[in-house]
Amino acid sequence: MNLDLENPYILLTPGPLSTSPTVRAAMLRDWCTWDDDYNLGVVTPIREGLVKLATVTKPEDYTVVLMQGSGTFSVEAMIGSAVPENGRLLVLANGEYGNRLGRIAKTLKIDTIIHDSGELAPPDLGKLDAELSADKSITHVVCVHNETTTGMLNPLEAIASIVKRHDRLFLVDSMSAFGGIPLDVAELGIDFLVSSANKCIQGVPGFGFVIVKKSVLEKCKGNSRSVSLDLYDQWQGMEKGHGKWRYTSPTHVVRAFHQAMQELDEEGGVAARFARYTENQRRLVVGMEKLGFKCVLPHALHSPIITGFYNPEEPEYDFMKFYELLKEKGFVIYPGKVTGINSFRIGTIGHVFPDDITRLITAIEKSMYWVKEAAAV
Ligand SMILES: *Cc1c(COP(=O)(O)O)cnc(C)c1O
């Protein structure tokens, strides 16, 4: 039997992202889902811990619903369960994930307006303010926190303050930021915030979660356009069953997540993780710029999560060849996603440390065959 348990490379492709050996080891036993060992021993502490991560000011006002599937399933559950039949949703989009919010809403036949500021610009706050003043029928606003397409950190506080000034419900896709970038949902007035197991909390893929204001979720009964993605029903099931999932729970993944949350706490919480990711990204950009690479975004718009770089313009350069050379050296990077821009991306989250980034820069330098080839002619 060859189980191949050694990681041959670090994933710089969130997500999934690189996890610690102890998080992976936590998956090695089976769990009964009818039992308190699992529901009270694993699921309930996760739910309590997530609310504490989301707010220190008013944890009693919030609850969390865990949902099977990748992060998008939780986004779809959130949108489809939050907006009632007669609601109207405004989507702020500046990348693939913002566009996906709009696509989900339209597929669910929700009355939707999309403000698309383009992939290289932050949301237009003046336009948002004016639209909310002019159109009283808009009931909900949704945005992406860290737009993983480019690595742009959207101005969550400024958006939240406009949405709350106009007294609308505020939904956030914080998939790639929650747990890695400090925030307090109660302070910002966020009503729904979604993230998943395999982003900044550094678990393995398999479920997502929505942190919700209880008083808002209580009014969502019957909104859902789907049975399996009904956030209200899933919440009721978890509350009444003390951690019981309505349908088969991804037990091993949930147990690994429990371990990942413990490791987040041992690291020093979200502030310490934010500091590590920030140092990872700083080293990456300094090192890459020294090698002649250019960032897609201005530094001021960057999050510490993921960074886009232009592909070199030398005719000898080929992304797949570069990718393969780096993979041989133990690093996997991400193709670009920005329309019309020839780029690639490198993530700096997961079980990845500043020393790994230093080794990565050395590996990239050694993989820059096109520079040597150009010099050889
Ligand atoms: C990763 C991510 C998602 C969800 O992606 P899945 O592939 O469904 O897990 C959604 N939004 C953002 C901003 C993301 O980074």
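Which residues are around the ligand? Select the ligand in this predicted model and show its surroundings: you should find Ser70, Gly71, Thr72, Tyr97, Arg100, Val144, Asn146, Thr148, Asp173, Met175, Ser176 and Lys199.

**Stop one: the ligand**

Zoom in on Ser70, where a polar side-chain atom sits 2.5 Å from an oxygen atom of the ligand. Move on to Gly71, which brings a backbone N or O atom to 3.0 Å from an oxygen atom of the ligand. Then pick Lys199: an N or O atom of its side chain is 2.8 Å from a ligand oxygen atom. Switch on a surface if you like; on its own the ligand has 380 Å² of accessible area, and the protein covers 85% of that. Now colour by element of secondary structure. Helix H3 (71–82) and helix H4 (96–107) are the elements that give two or more residues to the shell around the ligand.

**Stop two: the seven-stranded sheet**

Hide the side chains and look for an open sheet of seven strands, in the order E2-E10-E9-E8-E5-E3-E4, with mixed pairing. To get your bearings, select the edges: strand E2 (62–68) and strand E4 (111–116), each of which pairs on one side only. Look along the sheet and you can follow a twist that averages 20 degrees from one strand to the next.

Next, select strand E8 (residues 169–173) and strand E9 (residues 192–196), which run parallel and pair over three bridges. Click on Asp173, a residue you already met around the ligand; its bridge partner in E9 is Val194.

Bring H3 back into view. This helix lies across E2, strand E3 (88–93), strand E5 (140–144), E8, E9 and strand E10 (207–213), and runs at about 165 degrees to E9. H4 also packs on the sheet, touching E3, E4, E5 and E8, with its direction at about 160 degrees to that of E3.

Just past H4, stop at Lys109, in the loop between H4 and E4. What is the phi of Lys109? It is positive, about 60 degrees, although the residue is not a glycine. For context, most residues other than glycine have a negative phi.

**Stop three: the annotated span**

Select residues 60–292, which an unreviewed UniProt entry annotates as "domain: Aminotransferase class V". The C-alpha atoms at the two ends of this span are 50 Å apart, and the span is 43% helix and 19% strand.

**Stop four: the three-stranded sheet**

Now jump to another open sheet, where three strands in the order E11-E14-E13 pair in antiparallel fashion. Its edges are strand E11 (306–310) and strand E13 (334–335), each pairing on one side only. Select E13 together with strand E14 (residues 343–347) and you get an antiparallel pair with two bridges. Tyr334 is the residue to click here, as it stands opposite Arg345 in E14. Add helix H11 (residues 269–290), which lies across E11 and E14 and runs at about 10 degrees to E11.

**Last stop: two cis bonds in a row**

Finish at the loop between strand E1 (10–11) and helix H1 (21–25), where you will find Gly15. Pro16 is in the loop between E1 and H1 too. Check omega from Pro14 to Gly15: that peptide bond is cis, with a value near -15 degrees. The bond from Gly15 to Pro16 is also cis, with omega near -5 degrees. Most peptide bonds are trans.

Definitions and conventions: Residues are numbered from 1 along each chain as its sequence is written. This is a predicted model: local features need pLDDT of at least 70, side-chain atom pairs count only at pLDDT 80 or more; totals for chains, interfaces and linings use all residues. Side-chain values use heavy atoms; hydrogens and water are left out. Two strands pair if DSSP finds at least two bridges between them. Helices (H or I, at least four residues) and strands (E, at least two) are DSSP runs, numbered from the N terminus. Contact means heavy atoms within 4.5 Å. Axes are lines fitted to C-alpha atoms, for helices over the stretch in contact, and angles run from 0 to 180 degrees between N-to-C directions. UniProt positions are given in the numbering used here, feature names are shortened, and annotations may be inferred rather than shown by experiment. A residue is near a molecule or strand if one of its heavy atoms lies within 4 Å of it. A polar contact is a pair of N or O atoms within 3.5 Å; within protein, one must be able to donate a hydrogen and the other to accept it, and residues adjacent in sequence count only if both atoms are side-chain atoms. Accessible areas come from the Shrake-Rupley method with a 1.4 Å probe; for residues, only the protein chains shown count as cover.
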